[in-house]
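Subject: Structure for you to look at

Hi there,

Here is the structure I promised to pass on. Have a look at it first, and then read on for my notes.

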Amino acid sequence: MNPRTPTNPTAPADPEAFAAADAADAADTSDAEETVTKKATAEEASYDLDKATGEALTEDGAEDEDLDLDGLDDDSAEEPSGLGAAAAAVVAAGLGVVALTGSWTGKVAAERETLIGQIKTSGGGTAAQQISEIYGDAWHSTALVNGLFALLALLVGIFALVRPAFGAPSAQPQPGWVRAVATAGIALGVLGLLISVGMYFDLIVPLPTATAAQ
């Protein structure tokens, strides 16, 4: 039953009252629909704004991450690794040891000079000539080869120590063991060079004389 229909069937219906009631219902319905529409529009706008903000933040974060990665790559590429200095220090120490103990190269050079001396004195020669050609030249060849190894050890060791002063500066200092090994190579090189010079010029142990040989 229509609530607007009067309960008393005998009471006359008022057309104006029905019209006013219908107008009030229509106004309430319109207001409700307008409220729902505004609410939906506001929610949609809020969702779009949140979505746009999230995408912007994501893009900014990705760009910042890319920039950070690029910066790290550039720093790692520009920063020297120190591998060359470490290798040079080890090589210097090895060359210094070879300069003091001798090498296969020095042995071959000495044997060659001995053979040449024997060939030269095979037709005859004095005792002094034999000592000089067979023994002295071999002695001097060994000293020369050892001196070359000592000089190389000295130069490579110096390079290992002064390498950080050249090129791009490094945030990390040179490891202590690299400096220690390079210093040892320099010390061995200097010592080997002094011994080789003394041997070459017969300052440490002179060659035997002909009188002693007789």
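The loop between helix 5 and helix 6 (210-213) is where you will find Asp202. Please keep in mind throughout that this is a predicted model. Phi of Asp202 is near 55°, a positive value in a residue that is not glycine. With a relative accessible area of 24%, Asp202 counts as partly exposed, because that value lies between the 20% limit for buried and the 50% limit for exposed.

A positive phi also turns up at Gly102, the residue that follows helix 2. There the angle is near 95°.

That brings me to helix 2 itself. Its 19 residues should span 27 Å at 1.5 Å a residue, and the end C-alpha atoms are indeed 27 Å apart, so the two values agree. Which residues of helix 2 are buried? They are Ala85, Ala86, Ala88, Ala89, Ala92, Ala93, Leu95, Gly96 and Ala99. As background, an α-helix has 3.6 residues a turn, so residues three or four places apart point the same way. The buried residues of helix 2 pack against helix 4 and helix 5.

Some of those alanines return in the largest nonpolar core, which has 7 residues: Ala85, Ala86, Ala88, Ala89, Ala160, Val178 and Ala182. At least two residues of this core come from each of helix 2 (83-101) and helix 5 (176-200). Helix 2 gives the largest share, with 4 residues. Ala89 is a good place to start browsing: leaving out neighbours within four places in sequence, Ala89 is in contact with Ala160, Val178, Val181 and Ala182.

Next, a polar residue in helix 4, namely Asn146. Is Asn146 buried or exposed? At 7% relative accessibility, Asn146 counts as buried, because the limit is 20%. Setting aside residues up to four places away in sequence, Asn146 touches Val98, Ala99, Gly102, Ser103 and Ser196. Two of these names have come up already: Ala99 is one of the buried residues of helix 2, and Gly102 has the positive phi mentioned above.

On to the charged pairs. Side chains of opposite charge can pair when their charged atoms come close. How many salt bridges does a search of the whole structure find? It finds 2.

One joins Lys120 and Glu133, with the closest N and O atoms 3.7 Å apart. Lys120 lies in helix 3 (residues 104-120) and Glu133 in helix 4 (residues 127-162), so this pair ties together parts that are 13 residues apart in sequence. Lys120 counts as exposed, at 53% relative accessibility.

The other is formed by Glu113 and Arg112, where the closest N and O atoms are 3.5 Å apart. Here Glu113 is buried, with a relative accessible area of 19%, whereas Arg112 is exposed, with 52%. Glu113 makes the buried class because the cut-off is under 20%, and Arg112 makes the exposed class because the cut-off is over 50%.

Finally, a word on confidence before you set anything up. The mean pLDDT of the chain is 76, and 58% of its residues reach 70 or more. Over residues 67-77 the pLDDT is below 50, and this stretch has 0 contacts in the model beyond near neighbours in sequence. Residues 1-13 also stay under 50, and for them the model has 8 contacts beyond four places in sequence.

Best wishes

Methods. Residues are numbered from 1 along each chain as its sequence is written. This is a predicted model: local features need pLDDT of at least 70, side-chain atom pairs count only at pLDDT 80 or more; totals for chains, interfaces and linings use all residues. Side-chain values use heavy atoms; hydrogens and water are left out. A nonpolar core is a set of buried Ala, Val, Leu, Ile, Met, Phe, Trp, Tyr and Cys residues joined through side-chain atoms within 4.5 Å. Buried means under 20% relative accessible area, exposed over 50%, partly exposed in between (1.4 Å probe, protein chains only). Contact means heavy atoms within 4.5 Å. A salt bridge is a side-chain nitrogen of Lys or Arg within 4 Å of a carboxyl oxygen of Asp or Glu. The expected span of a helix is 1.5 Å times one less than its number of residues. pLDDT is the predictor's confidence in each residue, from 0 to 100.
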